[in-house]
Amino acid sequence: WLRGVGWYAAALADVIGMLPDEYEEGRSSLVEIEERLFDGMMEYQDDATGMWYNVVNYGPELRGSVCGNELETSGTALIAYAMMKSYVEGYVDDTYGEAGLRAFNGTVKNYLDKAGLHNVYISSGVETTPEGYLGKEYKTNDAKGVGPLMMAATYANAAAAYHSSPVA
C-alpha cells in the first residue's frame, strides 16, 4: 500500500534531518535504510509519469477490485517529499533527488488542475490481499493527498535548483 510506505519514508526523512550531529552513526544507519527503501520504490516508479500505483508492486495489471490499481497521488507525494528533502539536506545523492522531482512533477502535471488534486485513495484499511486494498474509491481534494503534496512542494524548487538537469 503506497501511502503506508510513503508515511514511513517521510518519517525517516524527518528523523534523519532532526538528529543532532553527535548521532552521526545513527543517522548513517537510517540513511542506509532510506536508500534501500528508495531503491526498492524506484523499481516500481511509473516510467511515463514518475508516480507509483496504489498497490506498489502490482501496477495497472491488478484486477478484481472495485476501482482498480491506479496511480495514486497521496503516497506518490509522500515518497517525493522524502526523496527531495533528503536530497536537499544532503543525505542522499542526485539519483534520489531526480526521482523525487519526477514523482512530484508527474503528480502536478497529471492530477492537479483547477478542480484540485485528483486520485487520492480514500482508505486502504487492513486487508490480506492486494485486491482487498482496492475496495474503496479515489477522491479529489482529500486532505490525505493535499497535505503531502504541500509537503513535497516545500522541497521541489530547492531540489530542482540543486539537480543537474531538472525534469520539467
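User: Happy to dig in! What does Glu137 count as in terms of accessibility?

Analyst: Glu137 has a relative accessibility of 44%. Buried would need under 20% and exposed over 50%, so in this predicted model Glu137 counts as partly exposed.

User: Which residue meets the side chain of Glu137 in a salt bridge?

Analyst: The closest approach, N to O, is 3.5 Å, and the cut-off for a salt bridge is 4 Å. The partner is partly exposed, with a relative accessible area of 33%. The residue that pairs with Glu137 is Lys139.

User: Which residues do salt bridges that share partners join into one network?

Analyst: One link is a salt bridge between the side chains of Lys85 and Glu89, at 3.2 Å from N to O. Lys85 counts as buried at 9% relative accessibility, while Glu89 is partly exposed at 30%. The network is made up of Asp14, Lys85 and Glu89.

User: How many residues apart are Arg3 and Glu72, which form a salt bridge?

Analyst: Their closest N and O atoms are 3.6 Å apart, and both Arg3 and Glu72 are buried. Arg3 sits in helix α1, whereas Glu72 is in the loop between α2 and α3. This pair links distant parts of the chain, and the separation is 69 residues.

User: How far apart are the end C-alpha atoms of helix α2?

Analyst: Helix α2 covers residues 24-43, which is 20 residues. At 1.5 Å a residue, α2 should span 28 Å. The distance in the model agrees with that expectation: 29 Å.

User: Where around α2 do its buried residues lie, on the same side or on opposite sides?

Analyst: The buried residues of α2 are Arg27, Val31, Glu34, Leu37, Phe38 and Met41. They cover an arc of only 125° around the axis, which puts them on the same side.

User: And which helices are among what covers those buried residues?

Analyst: Let's sort the two sides of α2. On the other side, Glu25, Arg36 and Glu43 are exposed. What covers the buried residues includes α1 (2-18), α3 (73-88) and α4 (94-111).

User: Which residue's side chain does Asn54 contact?

Analyst: Asn54 is in the loop between α2 and α3. It has a relative accessible area of 1%, so Asn54 is buried. At 3.4 Å, its side chain makes a polar contact with the side chain of Tyr138.

User: One last one: what is the phi of Asn141?

Analyst: Asn141 lies in the loop between β4 (138-139) and α5 (143-162), and counts as partly exposed at 40% relative accessibility. Although Asn141 is not a glycine, its phi is positive, at about 65°.

Terms used: Residues numbered from 1 in each chain as written. Predicted model: local features only at pLDDT ≥ 70, side-chain atom pairs only at ≥ 80, totals over all residues. Heavy atoms only, no water. Helix = DSSP H or I, 4+ residues; strand = E, 2+ residues; numbered from the N terminus. Expected span 1.5 Å × (residues − 1). Buried < 20%, exposed > 50% of the residue type's maximum accessible area, 1.4 Å probe, protein only. Arc of directions from axis to C-beta. Contact = heavy atoms within 4.5 Å. Polar contact = N/O pair within 3.5 Å; in protein donor to acceptor, adjacent residues only side chain to side chain.
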